[in-house]
Amino acid sequence: MRFNGFATRNMTRMAAAWLAGGLLFGAGFAGIASAQLTVEITGAGANRLPVMVADFSGERIVAQALASVIRADLDRSGLFLLIDPAGTLPLPESAAPDYGNIKSRGADTIVGATVAPTADGREGRYETRVRLLDAVKQSSIGTQAYVHTGTQLRATAHRIADFVYEKLTGEPGVFSTRIAYVVKSTGRYELQIADADGSNSQAALASREPIISPAWSPDGGKIAYVSFEAKKPVVYVHDLASGRRHVAANFKGSNSAPAWSPDGKRLAVVLTKDGSSQLYIVNADGSGVSRASNSPGIDTEPRWSPDGSFIYFTSDRGGSPQIYRVAIDGGTTASAAERISFEGSYNVTPRPSPDGKSLAFITRTNGRFQLALMDLASKQTQILTDSSKDESPSFAPNGRMILYATEINGRGVLAAVSSDGRVKQKLSIQAADVREPAWGPLVK
Amino acid sequence: MRALLSISVLALLLTGCGSQPPAPEQQPAIVEGRVPSAIQTQPVTPVEIKSGEAFDPMSMAALKDPRSQLSKRNVLFDYDSYIVKDEYQALLAAHGKFLAANSRMKMLIQGNADDRGSREHNLALGQKRADAVKKSLTLLGASDDQIESVSLGEEKSACSEATEACWAQNRRSDILYTGEF
C-alpha cells in the first residue's frame, strides 16, 4: 500500500517514454509493463557475513519500508547471512548498542538507523541517519545520512544497502544500478529498464518487431540496441530520460552488435555494407565510420576492454566460432587479431569483466550452451552454470555477479550467478519471455 | 477434374491478384463459319492456359502468380551450409532474369538461422544465407544495387520447436520485392 505513489508515477513516466519512443502505444501495454521481474535466490555463498539490520527507529512506516528493502538487497547478494532482529531494540543514533545480545544471536555487524522529518519542516521529506557497527570489536564502522522523500524509499534503501555492502566487502554495491532486458509477449517486444532487484520496471521502447543487443552507455543515460522495425537490423542510440533516439548505423545490409567505447564517444558495430559481417567503429552520433576488422568470414559481438585498449570479438576465421581480440589505439586497430579461446568448437559472446582480468563467454559442450568464465592471465576456464541454453552474459559493474539469459521449461528467463559460481538467482516474468539482459553502470 | 482445376487456378488468380490492375480481356476464339452449321451454344469456359503463355513472365503480376517461379520466394539451406542448392537454380534464374528486365525493381533478401547459440552470431549466419542468394542472382543478371541482403538471424523463425525438421525450415532466405518491404 505504501508504494502507491510509485505505481502512479511510473505509469506516467512509462507513457511519456512510449510517446517519445514513437513506435507503438496502446492500452495493451499497461498490462505487460506492470508484470514485474521476480527474483528467486537459488544458491548462496559459502561463507556469508552474519549481519543484523535492526528495526529502524523514527517515522514508522518509512523506517519499516527502508529496512525491509535493505534486508532483501543484502540477502539477495548471497554474501550476507541476515540475522533476524526480532526481540532486539532499534539502534537510534543516541542509543548504546546491546552488543552482548546482538553477538549472542550470531551477528558480527549491525545496521541501525533513525528516520526523522527534515529540519526544514517540509512535508514528506525525511532525513535517515544510518550507522554501521562492528559487534565483535564493539566499534563504529561508518555512518551516513540521506535526505529523501516518501516516494524515494526504494532508491534510498538501495543507497543504504550499497553503503553497507561497500563498507563490509570493500567493493562498490550494485543495488542502486539498473538493468535492461527485452520482454517478448505475443507479437510484442519491449525494451524494459528496471532496478537491479527487478522492481520499478518501465518500457523504454515497445515494438511489433524484435529488439536485441541492448548496451548501456558508460554514463548510464543511453542504451544502444538493434531494432528490426525497418525489416532489417538497424542500430539505434536511445536517450532514456527524454525517450529521444537516433540511428547510429543504418548502412546497406545488416547493422548490429553495438558496444560502447569506455569513454562513451564511439560504438563498435557489426556491418555487412562491404560484404561479410565485420567490425566497424562509428561515433555515437552515427558519423565517421571506419572498418576495424578484416577477415573473409564472420567477425561479430565486439566488446571493448574496460581500459579501451582491446576489442574482444567472435570470429569464424579459424573454421569455428572462437573468441579473439585486437588492440585498439585511438579508435583504429593497432594489431593483428589474437586468438583467446581454444577449447571446444563454439565459444562466443565475449564479455570482459569490469577489472579486465577475466572474460565471461558462452561455450558449447555436448550440445549445451553454457556460461563460462576465463581468467585471462592463466586461460583457466570454469563453467558457471548447469543449464543448457545460456546466452548474452552481462557483468554487474562491480564484477561480482554475471546476469545472463537462459531457458527454463521452454521459457526465456534471466539468471544471475556470482563469478565464483556459488550465488545463483533466477529472474522471471510470468507468461512472458525475458531475454537480452544488460546490467547498467554504477550510479555516480 | 480439368475444369475443376481450371476454376481453382482462376480462383487463386483472383484472390492473388486482388490489388493488381485488371488483365486485358481475353477475346473468344473467332469462329470460322462460311458453311452454316449448328450454332455453338456451349457456354464459354475458361481455357486452361499453358504455363508462360497467358501472362507476361516479366510483369509485376507474375511475382504473385502461383504458376510463375517468381512467386516462389524461399530458399532453404542444409545444416551449417551457406551454399545455394542446385534445386534452386531455376527459381533463382527466373528472379535474376526478372530483375534484369525490370531495372527499377528492388529486392530485399532476408536471411535466417535457427535459434541454437548466440543471437548475434546467428544474425551473421543468416547474413551469409542472404548473401549467397544475392550472389547467385547477380551472376544470373541482376545488378548489385538492385538487391539488399540483410539478416533477421533467429528472430523471425518460421518454426520454434527444437527438432531437426523445424531447424531446417529456419535455415532459410526469403525474397521480397519493392512494395513488400
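## The nonpolar cores

The largest nonpolar core holds 29 residues, and the members that touch the most others are Val53(A), Phe56(A), Ile70(A), Leu74(A), Val111(A) and Val164(A). Several elements of chain A build this core, each supplying at least two residues: strands S2 (49-53), S5 (109-117) and S6 (125-134), together with helices H3 (60-76) and H5 (153-169). Please keep in mind that this is a predicted model.

Leu74(A) is a good place to start looking around. Leaving aside neighbours within four places in sequence, Leu74(A) is in contact with Val51(A), Val53(A), Phe80(A), Leu82(A), Ala161(A), Val164(A) and Phe175(A). A second, separate core has 23 residues, including Leu63(B), Tyr88(B), Ala94(B) and Ile175(B).

## Chain A as a whole

Let us step back to the full chain. Chain A contains 5 helices and 32 strands. Its C-alpha trace spans about 70 × 50 × 45 Å along the principal axes. The radius of gyration of chain A is 23 Å, which agrees with the value near 22 Å expected for a compact globule of 444 residues.

Of those 444 residues, 55% count as buried. The accessible surface of chain A comes to about 18,000 Å², and carbon and sulfur atoms account for 49% of that area. Among contacts in chain A between residues at least 6 apart in sequence, 45% join residues at least 24 apart.

## A buried asparagine

Asn347(A) is worth a visit too. This residue lies in strand S24, which covers residues 347-352 of chain A. With a relative accessible area of 2%, Asn347(A) falls under the 20% cut-off and is therefore buried.

Which partners does the side chain of Asn347(A) find? A polar contact of 2.8 Å joins it to the side chain of Gln322(A). In addition, a polar atom of the Asn347(A) side chain lies 2.7 Å from the backbone oxygen of Glu343(A). Not counting residues up to four places away in sequence, Asn347(A) touches Thr314(A), Pro321(A), Gln322(A), Ile323(A), Ser341(A), Phe361(A), Ile362(A) and Thr363(A).

## The disulfide in chain B

A search of the whole structure, over all chains, finds 1 disulfide. Cys159(B) and Cys166(B) form a disulfide with their sulfur atoms 2.2 Å apart, and both cysteines are buried. The torsion about the S-S bond of Cys159(B) and Cys166(B) is about -130°, so this disulfide is left-handed.

Terms used:
Residues numbered from 1 in each chain as written. Chains lettered and ligands numbered in written order. Predicted model: local features only at pLDDT ≥ 70, side-chain atom pairs only at ≥ 80, totals over all residues. Heavy atoms only, no water. Helix = DSSP H or I, 4+ residues; strand = E, 2+ residues; numbered from the N terminus. Buried < 20%, exposed > 50% of the residue type's maximum accessible area, 1.4 Å probe, protein only. Polar contact = N/O pair within 3.5 Å; in protein donor to acceptor, adjacent residues only side chain to side chain. Contact = heavy atoms within 4.5 Å. Core = buried A, V, L, I, M, F, W, Y, C linked by side-chain atoms within 4.5 Å. Disulfide = S-S within 2.5 Å. Rg over C-alpha atoms; globule rule 2.2 N^0.38 Å. Areas by Shrake-Rupley, 256 points an atom, 1.4 Å probe, with all protein chains shown as cover.
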